[in-house]
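Subject: Handover of a structure, with findings

Dear colleague,

Please find below the structure that I am handing over to you. My findings follow it, arranged by region.

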Amino acid sequence: MYPRVLIDIEKLRQNLKAVSGITKTRGGCTLAIVTKGVCADPEVVRMICEEPDADFLADSRIANIATYAGLAHESGKQTLLLRIPMHAELPDVVKYVDVCFVSEISTIRLLNAEAAKAGKVQKIVLMIDLGDLREGIFFKDRDTIHEVVAEALAMENIEFFGIGVNLTCYGAIIPKYDNLSQLVGIGREIEEKHGIKLQMVSGGNSSSIYLIDKGELPEGITNLRLGEAFLLGNDTAYGEDLPGTTGDAFVLEAQIVELKEKPSLPIGEVGLDAFGQKPYYEDRGIMKRAIIAIGKQDTDLDSMTPLDTDLELMGGSSDHIILDVTRAKRDYKVGDVVSFTLGYGGMLKVMTSPYVEKVYV
């Protein structure tokens with residue numbers, strides 16, 4: 001059936017080994033492989049669990065972690081919840097998650113209570129905001145940081161496992177030696193002031209990996225969390241390909257349902273499209289247009305590239321994408337399949353959509 005995404009498990013295995021070589025061998029960090037980008041696909045998860053290089057399986061959705069917590073533990077890996085949890089999901093956090101990112105003392109108190117009910121000690125990583133302005137206690141507010149640490153350390157069912165940071169995802173702030181050194185410094189302050197040894201100083205995601213081969217990852221960063229670097233083979237700071245990786249482990253295929261010559265300009269007054277946007281059209285004269293049976297409900301149009309470089313993606317709606325095939329050398333017909341490589345946004349939506357079949361090659 002179409003649309004479908006072809007998933008090359010061995011290419012992903014190659015990517016995992018390559019990013020492990022950078023992160024663990026050259027960077028001296030533990031490695032958390034993030035499964036969110038593939039919606040915790042069971043075949044991808046199984047491959048990760050087979051590989052000794054991944055120390056943690058990480059996801060932002062507790063529902064995803066619940067599907068593989070048992071397998072992860074059987075393979076000697078810990079589960080890591082990346083998104084700071086809602087109070088409503090804390091019972092499931094305690095049930096399925098080994099290490100939980102947190103930023104609010106109220107959440108830590110409730111986690112302590114839930115862990116006590118379950119007879120468990122819950123590991124937490126306190127998030128520090130270094131300026132990206134997403135989650136975490138602002139790095140300049142040292143008093144609050146130490147107050148939270150002190151209270152957490154006094155809780156019987158909480159283990160203060162470490163500290164972490166998230167960069168680039170909201171404010172697009174790029175990890176550098178200077179800002180990550182702030183995180184290392186806060187970690188050392190915590191160790192000295194509270195007399196503990198942090199098990200994790202998590203220095204970010206796929207946007208931080210580029211620092212390792214540049215020799216600019218600060219000493220004291222002990223963990224990285226890699227999703228896109230593993231899945232698509234690039235860092236997310238500058239979009240550079242990582243050595244030894246491939247970017248085509250995912251290929252989307254969709255079928256042509258209509259092929260006609262039509263004007264390139266719609267006829268009539270242009271209003272808002274189905275998503276409330278006012279589109280712009282360029283007059284290119286008569287155009288040979290192919291419609292494929294996939295749309296914005298299933299993929300990100302800005303994050304997919306036709307393998308046939310003579311095709312141009314013109315736009316789409318919830319259920320359809322329109323392609324300009326005027327200059328195509330191939331004589332396309334209705335029923336033919338068009339293939340695309342995917343960026344992160346396209347991959348994320350394709351792997352999350354129940355309307356896109358997953359095929360392993």
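Which residue's side chain is joined to that of Asp324 by a polar contact of 3.5 Å? The partner is Arg284. Please bear in mind throughout that this is a predicted model.

**The chain as a whole**

The chain has 361 residues, of which 49% are buried. Its secondary structure consists of 10 helices and 17 strands. Along the principal axes, the C-alpha trace spans about 75 × 45 × 45 Å. If one takes the contacts between residues at least 6 apart in sequence, 65% of them join residues at least 24 apart.

**Asp324 and its surroundings**

Asp324 belongs to strand E15, which covers residues 321–324. Is this residue buried or exposed? Its relative accessibility is 1%, so Asp324 counts as buried, the cut-off for that class being under 20%. Besides the polar contact with Arg284, the side chain of Asp324 has a polar contact of 2.5 Å with the side chain of Thr326. When neighbours within four places in sequence are left aside, Asp324 is in contact with Arg284, Met287, Lys288, Asp310, Leu311, Glu312 and Met314.

**Ser264 and its surroundings**

Ser264 is located in the loop between strand E11 (250–263) and strand E12 (286–292). Ser264 has 7% relative accessibility and therefore counts as buried. Its side chain takes part in a polar contact of 3.5 Å with the side chain of Asp283. The side chain of Ser264 also reaches a backbone atom, namely the oxygen of Gly285, at 3.0 Å. Beyond its neighbours within four places in sequence, Ser264 is in contact with Tyr281, Glu282, Asp283, Arg284, Gly285, Met287 and Arg289. Arg284 and Met287 appear in this list and also among the contacts of Asp324.

**Helix H2 and its contact with H1**

At the start of H2, a side-chain oxygen of Asp41 comes to within 3.1 Å of the backbone nitrogen of Glu43. Within H2, the residues Val44, Val45, Met47, Ile48 and Cys49 are buried. What covers these buried residues? The cover includes E1, H1, E2, strand E3 (56–59), helix H3 (62–74) and helix H9 (228–232).

H1 comprises residues 9–26 and H2 residues 42–50; their axes come within 10 Å and cross at roughly 40°. The two helices are therefore oblique to each other, and their crossing is right-handed. On the H1 side the contact involves Ile9, Leu12, Arg13 and Leu16, while on the H2 side it involves Glu43, Val44, Met47, Ile48 and Glu50. Sorted by class, the residues of this contact are six nonpolar, no polar and three charged. Val44, Met47 and Ile48 of H2 thus serve in the contact with H1 and are also listed as buried.

**Helices H5 and H6**

How do the axes of helix H5 (residues 105–118) and helix H6 (residues 142–153) cross, and within what distance do they come? They cross at roughly 5° and come within 11 Å. H5 is therefore roughly parallel to H6, since angles under 35 degrees count as such. H5 contributes Ile105, Ile108 and Arg109 to the contact, and H6 contributes Val148, Glu151 and Ala152. These residues comprise four nonpolar, no polar and two charged.

**Backbone features**

Three places in the backbone deserve a separate note.

- Tyr2 and Pro3 are joined by a cis peptide bond, with omega at about -5°. Pro3 lies in the segment before strand E1 (4–7).
- Ala40 has a phi near 55°, a positive value in a residue other than glycine. Ala40 sits in the loop between strand E2 (30–34) and H2. With a relative accessible area of 8%, Ala40 is buried.
- Thr168 likewise has a positive phi, near 80°, and is a residue other than glycine. Thr168 is placed in the loop between strand E8 (158–164) and helix H7 (177–194). Its relative accessibility is 16%, so Thr168 counts as buried.

Yours sincerely,

A colleague

Technical notes
Residues are numbered from 1 along each chain as its sequence is written. This is a predicted model: local features need pLDDT of at least 70, side-chain atom pairs count only at pLDDT 80 or more; totals for chains, interfaces and linings use all residues. Side-chain values use heavy atoms; hydrogens and water are left out. Helices (H or I, at least four residues) and strands (E, at least two) are DSSP runs, numbered from the N terminus. Buried means under 20% relative accessible area, exposed over 50%, partly exposed in between (1.4 Å probe, protein chains only). A polar contact is a pair of N or O atoms within 3.5 Å; within protein, one must be able to donate a hydrogen and the other to accept it, and residues adjacent in sequence count only if both atoms are side-chain atoms. Contact means heavy atoms within 4.5 Å. Axes are lines fitted to C-alpha atoms, for helices over the stretch in contact, and angles run from 0 to 180 degrees between N-to-C directions. Angles under 35 degrees count as roughly parallel, over 145 as roughly antiparallel, 65 to 115 as roughly perpendicular and the rest as oblique. A crossing is left-handed if the near helix is turned anticlockwise from the far one by less than a right angle, and right-handed if clockwise. Ala, Val, Leu, Ile, Met, Phe, Trp, Tyr, Cys and Pro count as nonpolar, Asp, Glu, Lys and Arg as charged, and the others, Gly among them, as polar.
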